[in-house]
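The exercises below are meant to be worked with the sequence and the model side by side. Try each task before reading the solution that follows.

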Amino acid sequence: MGNKINEYFCHLKLSMNKSWIISFVFLLVMACGKDDPCKDIPNIDLDLDYKSLVDQIHSVEDTAALSAFFEENPVVRDYFFLAADYPSKAEMLTEVFNLIKNPFVDTLYQQTKQIINEAQLEQDLEMAFKRIKSYYPEYKVPKVQTVYSAFGNDVFFSDSLVVISLDYYLGTEASYRPNVYDYLLVRLTPEHLVPHIVQFTSLKFNDTFDNGERTILEEMVYYGKALEFTKTMLPCLPDSLIMGYDSETLASSIRSEGFLWSYFVDNALLYNKDPLNLTKYIDERPGVPEIDPICPGRIGQWVGWRIVQKYQEEKDLDFTELMKLTDANDILLQSRYRPKNN
């Protein structure tokens, strides 16, 4: 099986420029044959409580003003400027004030203002939250705040408050980027920001059976439901942005889907509970060389998404009921998921 996979991926790599375009066009044609979900705007009265704190942070004139700002915004102080790391409040205020006034950090501020369209971000988040409320009327939409923090942290998320450090999501146009691995950095762009927030939100609705030791299949289906939630709430976005793969990587995954599935089945991985294997096939990694040198990381999440999509095709279940399902094996069996080798 390994030789067949390697041969296939090698052929795929040579023909990538053509194959990914063909796959993309095929998906586009299929999508155009359906009702356009982008035109289906929920008739829900929602005035998102959105507040940008970016200019307030930049305009503080002294440590007293910074202290007053932090008193009003303790999450920004503690989570993004890491107040607990300092031996005293006075030292924290001095260090953070100097940080904000640092010319390099000022460049981050200027580029945050240039690159991030906050009016569009607010509109996109409001539309996503409207769609969530159309499925879950009882859902209480959190307040949203935005900051820049010189890469203190990326997103604070709770039921009542979401705070986003926009400088994390400036993309390749920025002079400075967060100090993270390249395979993570490619997803820290303005285009990936809203999908990240929506996928975080899915955790609230994604029921799962957790007995302390989850199988690879259970993890696949769990993440598959999270990705399907994100796609449902952001139907206009391409799957590549939902998954966090570039177009070529997504196209190669589609073309090699049968081989990927055979790998998991033939190696008896679906019901494996080994944490090392969960890390290999589900978690964040630059790739999965155990399958093939060009196999992307998190490939188990993508396969799980395909299983969930196939289940929905077979059962046409109400979306909220789908999110309540916890029996991953039953979802697999009833999905009739049997991808073919291309």
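Two strands are said to pair if DSSP finds at least two bridges between them. With that criterion in hand, note that the model used throughout is predicted.

**Exercise 1. Confidence and overall make-up**

Task: State what the mean pLDDT of the protein is, and which stretch has a pLDDT below 50.

Solution. Begin with the average: the mean pLDDT of the protein is 90, and 87% of its residues reach 70 or more. Next, look at residues 1-33, where the pLDDT is below 50, although this stretch has 33 contacts in the model beyond near neighbours in sequence. Where pLDDT is low, the predicted coordinates should not be read in detail. Then turn to the composition, which comprises 18 helices and 4 strands, while buried residues make up 48% of the 342 residues. Finally, of the contacts between residues at least 6 apart in sequence, 69% join residues at least 24 apart.

**Exercise 2. Assembling the sheet**

Task: Work out in what order the 4 strands form the open sheet, and which are the edge strands.

Solution. Start from strand β1 (residues 50-52), which pairs with β2 in the parallel sense over 3 bridges; within this pairing, the bridge partner of Y50 is V144 in β2. Moving on, β2 is joined by 5 bridges to strand β4 (residues 161-165), and these two strands also run parallel. Here T146 has I164 of β4 as its bridge partner, and Q145 stands opposite V163 in β4. The complete order is β1-β2-β4-β3, an open sheet with mixed pairing. The edge strands are β1 and β3 (155-157), each of which pairs on one side only, and the twist averages 10 degrees from one strand to the next.

Now add the helices that accompany the sheet. Helix α8 (residues 118-135) packs on the sheet, touching β1, β2 and β4, and its direction makes about 155 degrees with that of β1. Helix α10 (residues 190-202) lies across β3 and β4, running at about 25 degrees to β3.

**Exercise 3. The surroundings of a strand**

Task: Decide whether strand β2 is largely enclosed by the rest of the structure or largely open, and give the reason.

Solution. Take strand β2 (residues 143-147) and apply the burial cut-off, under which a residue is buried at less than 20% relative accessible area. Because 4 of the 5 residues of β2 are buried, the strand is largely enclosed by the rest of the structure. One link to a neighbouring element can be followed from I57, which is placed in helix α3 (residues 54-59) and is buried at 1% relative accessibility. Leaving aside neighbours within four places in sequence, I57 is in contact with F69, V76, F81, I100, V147 and Y148.

**Exercise 4. Two helices that meet**

Task: Describe how the axes of helices α11 and α18 are placed, and which residues meet.

Solution. Two packed helices are described by the angle between their axes and the distance between the axes. The axes of helix α11 (residues 216-233) and helix α18 (residues 328-335) come within 9 Å and cross at roughly 75 degrees, so α11 is roughly perpendicular to α18. On the α11 side the residues are L217, E218 and V221, which meet A328, N329, I331 and L332 in α18. Sorted by class, this contact has 5 nonpolar, 1 polar and 1 charged residues.

**Exercise 5. Positive phi in two loops**

Task: For L82 and R298, find where each lies and whether it is buried or partly exposed.

Solution. As background, most residues other than glycine have a negative phi. L82 has a positive phi of about 50 degrees although it is not a glycine, and L82 sits in the loop between α5 (74-80) and α6 (89-100). Its relative accessibility is 32%, so L82 counts as partly exposed. R298, also not a glycine, has a positive phi of about 60 degrees and belongs to the loop between α15 (275-281) and α16 (299-315). With a relative accessible area of 6%, R298 is buried.

**Exercise 6. A glycine in a loop**

Task: Locate G171 and name the residues with which G171 is in contact, leaving aside neighbours within four places in sequence.

Solution. G171 is found in the loop between β4 and α9 (182-185), and at 2% relative accessibility G171 counts as buried. With those neighbours left aside, G171 is in contact with R177, L188, T189 and P190. As a last step, consider I115, which is 56 residues from G171 along the chain; the C-alpha atoms of the two are separated by 8.7 Å.

Note on methods: Residues are numbered from 1 along each chain as its sequence is written. This is a predicted model: local features need pLDDT of at least 70, side-chain atom pairs count only at pLDDT 80 or more; totals for chains, interfaces and linings use all residues. Side-chain values use heavy atoms; hydrogens and water are left out. Buried means under 20% relative accessible area, exposed over 50%, partly exposed in between (1.4 Å probe, protein chains only). pLDDT is the predictor's confidence in each residue, from 0 to 100. Contact means heavy atoms within 4.5 Å. Axes are lines fitted to C-alpha atoms, for helices over the stretch in contact, and angles run from 0 to 180 degrees between N-to-C directions. Angles under 35 degrees count as roughly parallel, over 145 as roughly antiparallel, 65 to 115 as roughly perpendicular and the rest as oblique. Ala, Val, Leu, Ile, Met, Phe, Trp, Tyr, Cys and Pro count as nonpolar, Asp, Glu, Lys and Arg as charged, and the others, Gly among them, as polar.
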